[in-house]
Amino acid sequence: MAGLGLEVGAQWNLVQNATQQSPTCIRLTNAINQQRGAAWHDCQIHLGAEFDLEFTVNLGTNNGGADGMCFVLQQEGNVGNNLIGGNGGDIGYTGSPFIPSIAVEIDTYQNGNVGDPSFDHIAIQSNGSTTHNLSPAVQASAATANIENGQSYPFRVTWDPSTTTLQVYFDGVLRKTLTLDLTNAIFFGDPLVYWGFTGTTGGVNNVHTFCLVDAYYSTHIETVEASPEGPWQVCEGEELDLTAVPLPPSVDAIWEDSGVDVLTVTSAGTYALYAEDAEGCPTHNEVEVTSAPGPELSLLVDPDLVVCGDPSTVLSASVADGAAIAWEGQAGPDLTVQETGVYEVVGELNDCVQTEEVNVLFQPIPVIEFAVEGEVVSGDVELCFGDFVTLDVSATDGGVAEWDNNGLNALDVTSSGDYFATAVANGCEAQPDFLHVDLLPLPVADITASPPALCWQTTGQVGTDLGEGAVVTGWELPPGTSSLGQAGPGLYQVALESTNGCVNTESFTYSMLPPIATGLVNPEPLCDEGVAMLSVTGNVDQLSWNVGGNGANLPVVASMGEGPFVANVTLGYCSQSDTAYVTWWPTPSVGSQPDSVSRCVLDPAYPFIWPTQTSPAVGTWVWSVNGEPATAGYSATAEGTYLIEVRDNATGCLDTHEMKVNVLPNLNVVATPADPLICIGDSTEVQVELLPVLETDPFEIPFTLLWSTEGASGWSNNVVGGEHYVTATNACGTSVALAEVEEEYCGCHVWVPNAFTPDGDGLNEGFRIVSSCEWDAFQFQVFNRWGEQVWSTDDPNRPWDGGAPDVGGGDHYLPDGWYPYLVQWEYRDNGIFYREQKTGRILIVR
């Protein structure tokens, strides 16, 4: 049963941790330990009336969480933040506020002290007890022992006061039935109770939520009734209007199934009333309507009766056995009438009266009439072929007439035949009729032409072949044509008349064929070294050229001239000549240019020579080299490939030639002494270099180097003081370099070599000190790495051969390596006495 007026969002009073989640859903606890919450509805339930409460409940997602929720009926009230019992296993249902009360427990935690089973369960208990004192625990869901899985389960509680039965459904399955007089056994004779839910968590937790789906209950009883007062009876076939009337404290009342305050009843049955008080709390009631037998009046004629052509008719009706019947106050089931009008019949049985009416119309049968162009006709209608006539049909006595062909009263006809029509007036049909139409033939003629089509810009002859009974009454010729014997192109029309009076016009379009589309055109002008291709691209039967040949393509070269070139063609019986001309442009020449030239880098630039052209340009002869303009006197210095082009800037005719310019190196030789000033008797090294000239490679082509110094050659030599000339020569010429070395007196100069090779090959076998002066005294000593003297001499002309006579007695050779030395000497210069020494290391390599 569906409840009305359930504005759930405004009907709950929330306690402690309870929160509103939506207009129909309350969360009693969060997934937090030691929480408790309750929700109490604003409206009370009267246990003297039925209730049916439907919810969904969600016990959270933590299998092993706690503790559950209780649906509770109590009389403490519905306002206040403390209307709730203890948390944990109490599930919010303990203590004095719940005496008296009854609760349906949905428990998800096993509390052994109250005999809880291990599975999630439902039990019924009273007066704040959690010991299942009214009905023992059963598994909550018939399908599963665990309902802490996040699923929202249907939960329903019903009460029938007539049988004092309380029933509990979970997940659509009946789980508990309790038969107990709640008003007297629990609530001490007071039937008004508050209702709602409690829920808690303890040492473990879960989210606990319920949603109200539907609620059928009454807060008050006997506070809504129906008017007029009962008992209520409706006659069969009649209607009974009942009004829903609220009685205090109810303020609004409706019929529950229809939602209206006035209900029209047509049959027996039970009808539910609904009302609300000022706070929106509901009440319900029912009325029982019985049925009474009626006269069962039934018309045996059409209620809208049309009598076609008859002067009278009989009206008939029937009633149930024992019922009275009368027509227009005249008893009996039949009445003969002769006039148009409305006639009433009444049937009556006990207090049930039923009336019916018949609307009678006496209608004459209509007659069909025909007309053509507004004139009434009764015989056949004649029509020339190709014309049309409009046939009209009408009917007498208000009848509506129409043609069978189109359902209208007018019909356009173009062919012979019988055309039928019908008419009806208020359902009375006329006798069908028809009108016959004869179709007359038109005069005809064939227009002839010779030739059948005109060749371009010619004339022909036009005439007629007349049909039977046809005569020519006139011709209409196209513009530009004055006679049928000199017929030009265009539309010819001949007017005809037949002996039956019908006229007709025949027409003929004399066409002129277009010129034969040869497709021959003058080609674009082209350079005289090219080939022009003249082409006949159109569809022709035969083709010949005035210069010979009969192919569709004619190649033309400059030696054939500019034309004319005539194509003579035929297509069908038409012939034609088309002419084309060819314009030739002169082609220039770059002249006799070499493929390759060479120049030395210091030579003048290579000059390009532009020859005079044999023919004048259409525009201007334009010379270019590598795409850049090149006037007379153009020359090249850089090495590379040069593309020479001469072009007519008006026609594009051109000639090209590719020339390679090679740039060879001139030589620049340099001779540089390491020391341009040396001591008398010394020498120095002179290095020779070839330097690039204008970024050319001096080694690109063969060359020679020649020294003026006797015995000197190549890129470097040791020389004494004096002038030393080096001459470099290649294909581009000669370059001479001078290396000048000056000498000076340097005093006593001592030169000590740093290595020698006493290996018996005859080269560099001894080590000797050289001086530029005479010594007064001389001492030369050699040591090993431990400071021991291995060799010494006071004779500057005595060379050391790598032996060691001063070590260990006897003569032997030292191993390869470095050996320190000390040389000391004395000399005189310009009467002045000098004493000097020098130290260093000597390398022996064998």
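This report describes strand pairing and a nonpolar surface patch in a predicted model.

## Pairing around strand 49

Strand 49 (565–571) pairs with strand 47 (residues 542–545) through four bridges, and the two run antiparallel. Within this pairing, S544 stands opposite N568 of strand 49.

Strand 49 is also joined to strand 50 (residues 574–580), here by seven bridges and again in an antiparallel arrangement. V566 has T579 of strand 50 as its bridge partner. Strands 49 and 50 form a hairpin with two residues between them. In the turn, G572 has a positive phi of about 65°.

## The nonpolar patch and M560

Strand 49 is preceded by a loop that begins after strand 48 (553–556), and M560 is located in this loop. Together with V531, V547 and V557, M560 makes a nonpolar surface patch of about 300 Å².

The relative accessible area of M560 is 38%, so this residue is classed as partly exposed. Patch membership requires over 30% relative accessible area, a cut-off that the 38% of M560 satisfies.

## The five-stranded open sheet

A separate heading is given to the sheet with the strand order 67-72-71-69-70, which is open and has mixed pairing. Its edges are strand 67 (755–756) and strand 70 (789–793), each of which pairs on one side only.

Inside this order, strand 71 is placed beside strand 69. Strand 69 (residues 777–783) and strand 71 (residues 817–829) run antiparallel and are joined by six bridges. One of the bridge partners is the pair formed by F780 and V823, the latter in strand 71.

Methods: Residues numbered from 1 in each chain as written. Predicted model: local features only at pLDDT ≥ 70, side-chain atom pairs only at ≥ 80, totals over all residues. Heavy atoms only, no water. Patch = residues over 30% accessible without salt bridge, like charges linked within 9 Å, V, L, I, M, F, W, Y side chains within 5 Å. Areas by Shrake-Rupley, 256 points an atom, 1.4 Å probe, with all protein chains shown as cover. Salt bridge = Lys/Arg side-chain N within 4 Å of Asp/Glu carboxyl O. Buried < 20%, exposed > 50% of the residue type's maximum accessible area, 1.4 Å probe, protein only. Pairing = 2+ DSSP bridges.
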